[in-house]
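Biologist: Could you take a close look at one sheet for me, strand by strand? Once that part is clear, please carry on from there and tell me what else is worth looking at.

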Amino acid sequence: MTNDQKTFIEQIAKFVQKYASQYGIKVHSPIIGQAIIESGWGKSTLSSCYHNYFGLKCGSKWTGRSVNLSTKEEYTVGTYTTIKDNFRVYDSMEEGVKGYFEFIQLSRYQNLKGITDPRTYLETIKADGYATSSEYVENNMKLIEQYKLIQYDEKENDIMAVTAQNVLDVMRSWIGYSEANGKYKQIIDLYNSHKPLARGYAVQYDDEWCDTTVSAAAIKAGAVDLIGTECGCEQHVKIFQSKGIWIEDGTITPQPGDIILYNWGDNTQPNDGYSDHIGYVESVSGNTITCIEGNKGEAVGRRTLKVGNGNIRGYARPKYGTGNGSTTAPSTSGKKTVSEIADEVIAGKWGNGDARKNALTAAGYNYNEVQAAVNAKVSGGNSASAKKSNAEIAKEVIAGKWGNGNDRKEKLEAAGYDYDAIQAEVNKQVGGSSGSGGSPKPSYTVGKTYTLQVDAVRVRTGAGTNNAAKSYNQLTANAKQNAYTNGCLKKGTAVTCQAVKTVGSDIWMKIPSGWIAAYYGGKKYVG
């Protein structure tokens, strides 16, 4: 760096820092980079003579002095066109920098306010129409890195920054949003409302929407700068890597607020395969991880799994703030037992309702386990003796004592039971006895054509519900003729069996479009 370059950076930075906050702008480095590029280090005619360091054109609202000069625009990638236009004139460098912030008060630039990530700022302002160069973002980022311009960025007070709990609160508010009740569309609409869209793609209602949910939660919580936005899991990993928050290790014990990635195609560690599902870690208790995920069974819901589960691809650990929602994990030595915490809950030390739930989760405890212990103590027993086995609870589920659908799930989890484990036991018991209300277990022949006996059957990438569901566009041409727009096959659809696989008590059939449940939960889907 020459002395002239150093002086230019310091002079521009001084005025950027002076005015940015007054106009709601939280990041400085990309603006300094813009000044360097647009003005040629302050040596262009427009900047050296007219103090316009950002190539600001007059437009229809400018009433000040102007000058007509030639400029090059890249309307088509790789092709530069020389034009003449009217540019704004300022009396000093300070006025020129202030003029930049006044210029971006135009309505189309209002989405720049609050952004703290340099790349996000540049991508946004380019998408808003500020620059035509196809290399504008990358050229600016090179300057930011080469001259260490981030040293001039505003450092927000940690307590004001986005915390893990801010993001998790959004995810909790969406639990129960599903394709069945149509509320999942609100999540997709929120994602699509944020510009620029990742890779320029607007998510469709029949697309998979797990990563859309992760990004939408970040949008609503104001955490876009921390994780970026994407609708594709593997593409999101690349963003995490670029931000330095990716942890290529599925065996670690995560923290609340971490983003968990799955690879359903491999259930062994290390798992370095293709990421095909994503969610947020809500809490960690002992060896159990509780996550909240979008598009889990076509809904936003919780999943529990063990630390080091073979399907875990890895984690992203956003650089959250450390305010009241601190993500700092409590030390093992200082962490109390679930029974001790239950005693404190009963004594009123952890509050009530959502306040209690949020406080326990933030402290690293599994809310459902604590609440189950509280219920057991209040009823006069203890969590060890009061809790029934999965087999016993499964019998009660079959008898109708725990309700159905999300109501059943919420009741089971509130009582401290693993919903997925209970449901698996239910399927096992129903599938093992025709007297319990299930259908007799059928057999299927490869090469034979069958008919769907139920409506809205999901086609998946592999055998089992842990595999990703396919969208309408991923089906074969024949399947599309008998499918809904969300990719589910209609009742009465003819399917040709290409392979058969047993998963637990269920039978899965491979058809030309993928895998479908042929016999599931004791019920015949294909006959």
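Modeller: Start with Val503: its bridge partner in β12 is Asp506. Keep in mind as you look that this is a predicted model. That pair belongs to the contact between β11 and β12 (residues 506-511), two antiparallel strands joined by 5 bridges. What holds strands side by side like this? Strands of a sheet pair through backbone hydrogen bonds, and they can do so either parallel or antiparallel. Now zoom out a little: β11 and β12 are part of an open sheet of 4 strands, in the order β11-β12-β13-β14, with antiparallel pairing. At its edges you'll find β11 (499-503) and β14 (523-524), and each of them pairs on one side only.

There's another open sheet to try your eye on. It has 6 strands in the order β3-β8-β4-β5-β6-β7, and here too the pairing is antiparallel. Which strands stand at its edges? They are β3 (246-247) and β7 (301-306); each has a single partner strand, so one side of each has no neighbour in the sheet. Inside that order, β4 (residues 259-262) and β8 (residues 312-316) run antiparallel and share 4 bridges. If you want a pair to click on, try Tyr262, whose bridge partner in β8 is Ile312.

While you're around β4, follow the chain into the loop between β4 and β5 (277-285), where Pro270 lies. The peptide bond from Gln269 to Pro270 is cis, with omega near 0°. That's worth a second look, because most peptide bonds are trans. Another cis bond joins Lys195 and Pro196, with omega about 0°, and Pro196 is in the loop between α8 (184-193) and α9. One more backbone oddity is His51, which has a positive phi near 55° without being a glycine. You'll find His51 in the loop between α3 (45-50) and β1 (66-76).

Now for the helices. Helix α9 (residues 210-221) packs against helix α7 (residues 164-174) at an angle of about 120°, and their axes are 9 Å apart. That angle makes α7 oblique to α9, and the crossing is right-handed. From α7, the residues in contact are Asn166, Val167, Val170, Met171 and Trp174, and they meet Thr213, Ala216, Ala217, Lys220 and Ala221 of α9. Sorted by class, this contact has 7 nonpolar, 2 polar and 1 charged residues.

Helix α1 (residues 3-19) and helix α4 (residues 93-103) make another packed pair, with axes that come within 9 Å and cross at roughly 50°. Again, that makes α1 oblique to α4, and this crossing is right-handed as well. On the α1 side you have Phe8, Gln11, Ile12, Phe15, Val16, Lys18 and Tyr19, facing Met93, Glu94, Val97, Lys98 and Phe101 in α4. The residues here divide into 8 nonpolar, 1 polar and 3 charged.

Where do charges come into it? Side chains of opposite charge can pair when their charged atoms come close. Look at Lys18 and Glu94: they form a salt bridge, with their closest N and O atoms 2.7 Å apart. This pair ties together distant parts of the chain, since Lys18 is in helix α1 and Glu94 in helix α4, 76 residues apart. A search of the whole structure turns up 15 salt bridges.

Technical notes:
Residues numbered from 1 in each chain as written. Predicted model: local features only at pLDDT ≥ 70, side-chain atom pairs only at ≥ 80, totals over all residues. Heavy atoms only, no water. Pairing = 2+ DSSP bridges. Axes fitted to C-alpha atoms, helices over the stretch in contact; angles between N-to-C directions. Parallel < 35°, antiparallel > 145°, perpendicular 65-115°, else oblique. Left-handed = near helix turned anticlockwise from the far one by under 90°. Contact = heavy atoms within 4.5 Å. Nonpolar A, V, L, I, M, F, W, Y, C, P; charged D, E, K, R; others polar. Salt bridge = Lys/Arg side-chain N within 4 Å of Asp/Glu carboxyl O.
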